Number of protein chains: 2
Amino acid sequence: MSERPRLGLDIGGTKTHGILLDAAGRVLAERVLPTERGAEGVIRSALAVTDACLDLAGIGRGDLDSVGIGVPGQVDHLTGTVRTAVNLNISHLALGERLGLALGVPVAVDNDVKAAALAAAARLAASDLTYINVGTGVASATLADGRLVRGQGNLAGEIGHIALDPDGERCACGQRGCLEVLVGGAGIAERLAALAPRVSLPSLFDAAAAGSPDAMTEATRISAGIATAVQLVVLTQGSSRVVLGGGVVHAARGLVDEVRRILTARAASSEFLTSLNLADRVIVLPSDYPVAAIGAALVGRATADAVT
Amino acid sequence: MSERPRLGLDIGGTKTHGILLDAAGRVLAERVLPTERGAEGVIRSALAVTDACLDLAGIGRGDLDSVGIGVPGQVDHLTGTVRTAVNLNISHLALGERLGLALGVPVAVDNDVKAAALAAAARLAASDLTYINVGTGVASATLADGRLVRGQGNLAGEIGHIALDPDGERCACGQRGCLEVLVGGAGIAERLAALAPRVSLPSLFDAAAAGSPDAMTEATRISAGIATAVQLVVLTQGSSRVVLGGGVVHAARGLVDEVRRILTARAASSEFLTSLNLADRVIVLPSDYPVAAIGAALVGRATADAVT
């Protein structure tokens, strides 16, 4: 294993988060810059964040061991190709190859939630867990025996588009009542904006606790939806730990406690659910832990180690 | 690998199905006898079916290579111990050890749906699939890269107790609106018995096609529930093939066509679902193919091969 530093890039729809780690996993530099959308924009953003991190650390491109990238969308991790990333406005991009040529180091690319699951597993020293990202999109990634569960064409983890309520609101994917409509950031923002008086996501659970009926309805809807997601991944895959992450989870103060409370309440009428201890399986990482960027660095490392 | 015959036993709540296979997987003998419930009853039944198969083939216990058993319930496959099998009235039984001592050959035990998934994979020459059993109970088993996905404590596959409808009917597990209530044999039998005129499961889809409103409601409820199960396992685990099996699937003429039709109809409004071709992933094995008993024989073989 190389002693040289490795870079992780979490390329999101609005910003690109870069982190430079030494061989022991310590943070040498970290930078966040806006993401330019479209194929060329994403490449420019990735290079800008890379160079900004290298400048901070006082080293050059040639000093890197590897670069790993997490991208929200469908990725062919074997070739480093982004097949579809709606939020980045990319339909096809050989991102790994393009950046590898520009930087002169191996560049690996994977889905951002799968990358985050790698970082969560490393932090928790766990080889089995499911990471559920509740942000603008909703998706999961599972590690079993230390390996990412990918499924055919990397499809595993698209839990956001399980339709829980056939009469529910229309999802961007065309179905109705998808988990993502219920608990994803876009659906929540739309519903909160329609409330009078308006409530922000950070204060939603406080407003609910203070007795606002609208806030209570919405708080319960989000928490129950996430509780169902936890139940769904545990019953389907047998996940021993479920790590909740993403913007919604970290923005909504009180959300995770309410998810745990709902899971416990559901178990009250079910010996079977009680035996599963679902509430105890739920884990949240500190909100300032850059799970996706660190995960991206691990994506790069895994590939570089396999090659060298 | 031994050239001697191997026996598979599918021990169900009402009957025990034994099958004797030669080393090439050809059926040498097959017998079905009623299952006596309770720990001692199950052991007596297993021995009776074993001896009946051996008699048919004209060989003795000492000629066996291995015995594998599939049991509906929670099994510790590493020790061959049944932890809970409600339908067999067993709360704890060292089934593998007890039968191994009685027969003088290695006996392996696994969950019956996991065993069936092994047989389906062997028959389809597939290393990645999900088998969904829709019988009295509802559960799934997934093979990824040729290995069973077990999850913590073999919990993976308990999809029957995902609560799809919080306002639905009460499930035996204590929750409301579980998938098992919607599509499991017991829930269906209860609802069909309440119809006037009564409709049997085999003729339900014919009655629906003939215009009976009650039959149409029930036929749609079952088909839509199974379609959701297919969608759920594919989106969560990325299953490339979904094999439907179990008593309900084989009893209800027309059910699988309707499941495929619903999957296709749901995709009509969703480019994302269209891209998944869910209807094409659905596979049904011939109803006379003894998937669980053959799977049990494979459970035994895998263990015997690992030992020898």
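## Helix H3 and the second sheet of chain B

In this predicted model, helix H3 (residues 112–124) of chain B lies across five strands of chain B: S8, S9 (138–144), S10, S11 and S12. Helix H3 of chain B runs at about 130° to S8(B). Helices (H or I, at least four residues) and strands (E, at least two) are DSSP runs, numbered from the N terminus. Two residues are in contact if their C-beta atoms, placed from the backbone, lie within 7 Å. Axes are lines fitted to C-alpha atoms, for helices over the stretch in contact, and angles run from 0 to 180 degrees between N-to-C directions.

The sheet beneath this heading is open and has five strands, in the order S10-S9-S8-S11-S12 of chain B. Its pairing is mixed. S10 and strand S12 (282–284) of chain B stand at the edges with a single partner strand each, so one side of each has no neighbour in the sheet. Two strands pair if DSSP finds at least two bridges between them. Strand S8 (residues 129–134) and strand S11 (residues 242–245) of chain B are parallel and share four bridges. In one of the pairings, Asn133(B) has Gly245(B) in S11(B) as its bridge partner.

## Numbering and confidence

Residues are numbered from 1 along each chain as its sequence is written, while chains are lettered from A and ligands numbered from 1 in the order in which they are written. Because the model is predicted, local features need pLDDT of at least 70 and side-chain atom pairs count only at pLDDT 80 or more, whereas totals for chains, interfaces and linings use all residues.

## The sheet of chain A

Chain A has an open sheet of five strands in the order S3-S2-S1-S4-S7, with mixed pairing. Strand S3 (27–34) and strand S7 (107–111) of chain A are the edge strands, and each pairs on one side only. From one strand to the next, the twist averages 15°.

Strand S4 (residues 66–71) of chain A runs parallel to S7(A), and five bridges join them. Gly70(A) has Asp110(A) as its bridge partner in S7(A). Gly68(A) is partnered in S7(A) by Ala108(A). S7(A) is mostly covered, with five of its five residues buried. A residue is buried if 20 or more other C-beta atoms lie within 10 Å of its own, exposed if 12 or fewer, and partly exposed in between; C-beta atoms are placed from the backbone.

Two helices meet these strands. Helix H1 (residues 39–57) of chain A packs on the sheet, where it touches strand S1 (6–11), strand S2 (15–21), S3 and S4 of chain A. The direction of H1 makes about 145° with that of S3(A). H3(A) lies across S1, S4 and S7 of chain A and runs at about 100° to S7(A).

## Two domains in chain A

The domain assignment splits chain A into domain 1 (6–116 + 290–307) and domain 2 (124–284). These bounds come from an automatic or database domain assignment. The C-alpha centres of the two domains of chain A lie 27 Å apart.

The contact between them takes 11 residues from domain 1 and 11 residues from domain 2 of chain A. On the domain 1 side, strand S5 (74–76) and helix H3 (112–124) of chain A each supply at least two residues. H3(A) gives the most there, with three residues. By class, that side has five nonpolar, five polar and one charged residues. Ala, Val, Leu, Ile, Met, Phe, Trp, Tyr, Cys and Pro count as nonpolar, Asp, Glu, Lys and Arg as charged, and the others, Gly among them, as polar.

## Chain B against chain A

The contact takes 31 residues from chain B and 31 residues from chain A. Helix H7 (213–237) and helix H10 (271–276) of chain B each supply at least two residues of the chain B side. H7(B) gives the most to that side, with seven residues. The side of chain B that touches chain A has 13 nonpolar, 13 polar and five charged residues.

A rotation of 180° with 0.0 Å of shift along its axis superposes chain B on chain A, at RMSD 0.0 Å. The two copies are thus related as by a two-fold rotation axis. Copies are superposed by least squares on the C-alpha atoms of residues with pLDDT of at least 70 in both. The same surface serves both copies, as 100% of the contact residues of chain B recur in chain A. Leu164(B) comes closest to the rotation axis of the residues of chain B, at 3.3 Å (C-alpha).

## Glu158 of chain B

Glu158(B) sits in the loop between strand S10 (147–148) and helix H4 (179–183) of chain B. Glu158(B) is buried, with 27 other C-beta atoms within 10 Å. Leaving out residues up to four places away in sequence, Glu158(B) touches Leu235(A) and Ala139(B).
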